[in-house]
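I wanted a notebook record of what I looked up here, entry by entry. The charged pairs, the strands and the ligand site were on my list.

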Amino acid sequence: MDNNKQTNVFDQIESMGHEQLMFFNDNETGLKGIIGIHNTTLGPALGGTRIWKYENEQAAINDVLRLSRGMTFKSSIIGINLGGGKAIIIDNPKAKKNEPFWRRYGKFVENLGGKYITAEDVGTNTQFMEYISMETKHVMGKPFYMGGSGDPSPVTAYGVYLGMKASQKKLTGNDSLTGKKIMVQGVGHVGQYLIELLAKENAEILIADINEDNLKSVTSNYKAEVIDVNNVYNTEMDIYAPCALGATVNDSTIDNLKCSIIAGAANNQLQDELIHGRKLKEKGILYAPDFLINAGGVVNCYTEIDGYSKEKTYGITDNIYQQTIDIFNAADNSEKGTQEVALEIAMERINSIGKIRQVR
Ligand code: NAD
């Protein structure tokens with residue numbers, strides 16, 4: 001989606017299949033944002049709230065549409081009963097980001113009557129979830145002491161690790177990551193938990209980040225080589241793990257990439273899911289579908305709905321390993337990319353459950 005090209009919002013939600021977009025504003029607190037509800041066939045639309053300085057309004061609309069759609073497929077493929085939604089808040093100079101700000105936002109979430117359930121995302125944390133929960137019960141990812149599931153990042157990292165091992169297994173018949181050169185691009189919450197798992201397996205860890213403190217936090221605890229952010233795509237590696245931003249696999253990076261596997265946490269890693277998915281296949285790079293292997297975080301929130309259980313969370317997340325292998329195998333017999341195959345499987349579940357829901 002081009003952020004500089006203004007598009008008719010109704011055309012966009014029609015083509016992407018969204019059910020609802022809710023714009024909200026509060027002059028008192030400087031709160032401005034959008035809640036996107038993509039599809040609620042499987043259950044209430046759950047997805048985090050992102051607060052970000054967008055370059056323009058179109059960029060904010062594009063982001064909420066893309067992210068909420070992604071949540072629909074993520075919950076579907078991992079087999080949980082949630083729909084897809086996401087919220088963005090525009091980080092503007094008037095945004096106070098204090099208790100009244102988050103509680104006012106909680107009221108907007110409450111107004112949707114449970115059709116949308118919010119959680120953490122980039123720029124938000126468990127403290128903000130606690131403020132939101134003072135105005136609505138439709139919020140997950142609350143702190144542990146409130147009976148919540150806490151930070152979802154460790155579970156997300158665990159799922160990504162399983163997806164990486166499944167990829168290695170598919171490629172070589174052995175899922176060991178020992179000695180594999182793995183580039184973790186973005187060593188924030190998920191990236192650092194992932195490194196902890198990779199270090200236990202004696203992988204050779206490469207890291208790149210624009211945040212010096214996060215780089216230091218890794219190098220002071222683990223053996224890891226720092227790579228300049230501009231050299232990520234020119235570096236020889238076995239596995240590329242995008243754990244920062246989306247759309248890093250695109251026309252300008254794909255030809256340079258020197259890896260045999262891509263498996264990471266970032267949402268929407270392929271700039272174009274169909275074109276770039278197929279191009280990776282042509283290049284012989286195995287792509288672990290992002291919305292499957294990073295689904296641990298949404299599972300963590302899901303199990304909070306009925307009272308958080310670590311066993312249930314990790315039990316569901318464990319399925320990522322076999323599901324990743326199944327998708328690779330299904331893609332073997334077609335020209336389709338692995339992401340394309342994964343999307344079809346996710347859509348098939350939504351369509352089939354939609355049909356039985358109509359039966360009384
Ligand atoms: P985070 O904000 O904690 O970490 C992101 C890191 O990426 C930061 O250290 C940041 O400095 C770095 N970064 C930003 N731009 C960069 C660049 N150009 N090059 C290298 N590094 C850069 O976020 P997180 O919670 O760790 O999530 C990472 C990614 O995974 C995000 O795309 C997020 O949407 C996705 N994700 C996260 C979860 C979760 O449970 N936290 C779940 C699913 C998906």
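My entries follow, grouped by topic.

**Status of the model**

I am working from a predicted model.

**Entry: Glu120 and strand S5**

I started with a lone acid. Where does Glu120 sit? I found Glu120 in strand S5, which spans residues 116–120.

I then looked for a charge partner. Glu120 is buried but takes part in no salt bridge. Lys86 is the nearest side chain of opposite charge, and Lys86 is 11 Å away. A salt bridge here needs a nitrogen within 4 Å of a carboxyl oxygen, so Lys86 does not qualify.

I listed what Glu120 touches, leaving out residues up to four places away in sequence. Among the contacts are Gly48, Thr49, Asn125 and Thr126. Met129, Met140 and Gly141 are also on the list. So are Gly150, Asp151 and Pro152.

Next I checked the strand itself. Five of the five residues of S5 are buried, so S5 is largely enclosed by the rest of the structure.

I looked up a pairing partner too. S5 pairs with strand S3 (residues 45–52) in the parallel sense, over five bridges. Within this pairing, I noted that Gly47 is opposite Thr118 of S5.

**Entry: the ligand site**

I asked how many residues surround the ligand. The count is 23. The closest are Thr156, His189, Asp209, Asn214 and Ala244.

I then took three polar distances. Thr156 places a polar side-chain atom 2.7 Å from a ligand oxygen. For Ala244, a polar backbone atom is 2.8 Å from an oxygen atom of the ligand. For Arg50, an N or O atom of the side chain is 3.3 Å from a ligand oxygen.

Arg50 came up again in my charge search. Arg50 belongs to a network of salt bridges that also links Asp63, Arg66, Lys86 and Asp121. I noted that Lys86 is also the residue I had listed as the nearest opposite charge to Glu120.

**Entry: salt bridges**

I counted 21 salt bridges. I followed three pairs.

Pair one is Lys115 and Glu19. Their side chains meet in a salt bridge at 3.5 Å, N to O. This pair links distant parts of the chain, 96 residues apart. Lys115 is in the loop between helix H3 (99–111) and S5. Glu19 is in the loop between helix H1 (9–16) and strand S1 (20–26). Lys115 has 30% relative accessibility and counts as partly exposed. Glu19 is partly exposed as well, at 37%.

Pair two is Arg103 and Glu99. The closest N and O atoms of this salt bridge are 2.9 Å apart. Arg103 and Glu99 are four residues apart in helix H3, so about one helical turn separates them. Arg103 is partly exposed at 26% relative accessibility. Glu99 is partly exposed at 32%.

Pair three is Glu304 and Lys142. Their closest N and O atoms are 3.1 Å apart, in a salt bridge. This pair also links distant parts of the chain, 162 residues apart. Glu304 is in helix H10 (residues 296–305). Lys142 is in the loop between helix H4 (126–133) and helix H5 (153–172). Are Glu304 and Lys142 buried or exposed? I found both buried.

**Entry: positive phi**

I searched for positive phi outside glycine. Lys97 has phi near 50°. Lys97 is in the loop between strand S4 (83–90) and H3. At 35% relative accessible area, Lys97 is partly exposed.

Asn268 also has a positive phi, about 55°, and is not a glycine. I placed Asn268 in the loop between strand S10 (261–262) and helix H8 (273–283). Asn268 counts as buried, at 16% relative accessibility.

**Entry: the six-strand sheet**

I traced the strand order last. What is the order of the open sheet of six strands? I read S8-S7-S6-S9-S10-S11, with parallel pairing. Strand S8 (224–226) and strand S11 (286–287) are at the edges. Each has a single partner strand, so one side of each is left without a neighbour in the sheet.

I checked one inner pairing. Strand S9 (residues 239–242) and S10 pair in the parallel sense over two bridges. Ile239 has Ile261 of S10 as its bridge partner.

Conventions: Residues numbered from 1 in each chain as written. Predicted model: local features only at pLDDT ≥ 70, side-chain atom pairs only at ≥ 80, totals over all residues. Heavy atoms only, no water. Buried < 20%, exposed > 50% of the residue type's maximum accessible area, 1.4 Å probe, protein only. Lys, Arg positive; Asp, Glu negative; His and termini not counted. Contact = heavy atoms within 4.5 Å. Pairing = 2+ DSSP bridges. Near = heavy atom within 4 Å. Polar contact = N/O pair within 3.5 Å; in protein donor to acceptor, adjacent residues only side chain to side chain.
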